[in-house]
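Work through the exercises below with the sequence and the model open side by side. Each task is followed by a solution in steps.

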Amino acid sequence: MEKLQKEEFNKIKNAIQLENELSSRLGSVEYKLNELKNTKKELLKAITKILDNRKGYLAELRKKYNIETLNIDTGEFTVTK
């Protein structure tokens with residue numbers, strides 16, 4: 001059986017090794033991207049829930065106090081005439 005020269009063998013061996021390392025890193029990146037996508041979905045759901053709760057609460061306050069405009073910084077409001 002014949003053998004490749006050491007330099008030729010090392011070139012192909014290094015190329016395979018680099019390919020394996022890069023494939024592994026790509027797998028890690030894909031895993032992290034998936035985690036980020038899931039986190040994004042959870043955050044968007046939480047924001048939607050908060051917005052819905054806020055809209056509902058503002059609707060209650062408008063009905064209770066007949067609010068037309070509300071200053072969110074001071075709590076002052078104008079009444080619908």
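**Exercise 1: The loop residue**

Locate N66 and describe its backbone and its exposure. This is a predicted model.

Solution. Step 1: N66 sits in the loop between α1 and β1. Step 2: directly after α1, N66 adopts a positive phi of about 60°. Step 3: most residues other than glycine have a negative phi. Step 4: N66 is not a glycine, yet its phi is positive. Step 5: the relative accessible area of N66 is 39%. Partly exposed covers the range between 20% and 50%, so N66 is partly exposed.

**Exercise 2: The helix span**

Check whether the distance between the end C-alpha atoms of α1 agrees with its number of residues.

Solution. Step 1: helix α1 covers residues 6-65, and it has 60 residues. Step 2: the expected span is 1.5 Å times one less than the number of residues, so α1 should span 88 Å. Step 3: the end C-alpha atoms of α1 are 87 Å apart, which agrees. Step 4: α1 also has the highest mean pLDDT among the elements of the chain, 97.

**Exercise 3: The segment before the helix**

Is K3 buried or exposed, and how far is its C-alpha atom from that of K37?

Solution. Step 1: K3 belongs to the segment before α1. Step 2: its relative accessibility is 83%. The cut-off for exposed is over 50%, so K3 counts as exposed. Step 3: K3 and K37 are 34 residues apart along the chain, and their C-alpha atoms are separated by 49 Å.

**Exercise 4: The hairpin and the patch**

Describe how β1 and β2 pair, then place F77 on the surface.

Solution. Step 1: β1 and β2 pair in the antiparallel sense over three bridges. Step 2: T69 is opposite T78 in β2. Step 3: six residues lie between the strands of this hairpin, where G75 has a positive phi near 85°. Step 4: F77 is in β2, residues 77-79, and is partly exposed at 35% relative accessible area. Step 5: F77 joins Y65, L70, I72 and V79 in a nonpolar surface patch with about 470 Å² of accessible area together.

**Exercise 5: Confidence**

Which element has the lowest mean pLDDT?

Solution. Step 1: the chain averages a pLDDT of 96, and 100% of the residues score at least 70. Step 2: strand β1, residues 67-70, has the lowest mean among the elements, 93.

How values were computed
Residues numbered from 1 in each chain as written. Predicted model: local features only at pLDDT ≥ 70, side-chain atom pairs only at ≥ 80, totals over all residues. Heavy atoms only, no water. Patch = residues over 30% accessible without salt bridge, like charges linked within 9 Å, V, L, I, M, F, W, Y side chains within 5 Å. Areas by Shrake-Rupley, 256 points an atom, 1.4 Å probe, with all protein chains shown as cover. Salt bridge = Lys/Arg side-chain N within 4 Å of Asp/Glu carboxyl O. Helix = DSSP H or I, 4+ residues; strand = E, 2+ residues; numbered from the N terminus. Buried < 20%, exposed > 50% of the residue type's maximum accessible area, 1.4 Å probe, protein only. pLDDT = per-residue confidence, 0-100. Pairing = 2+ DSSP bridges.
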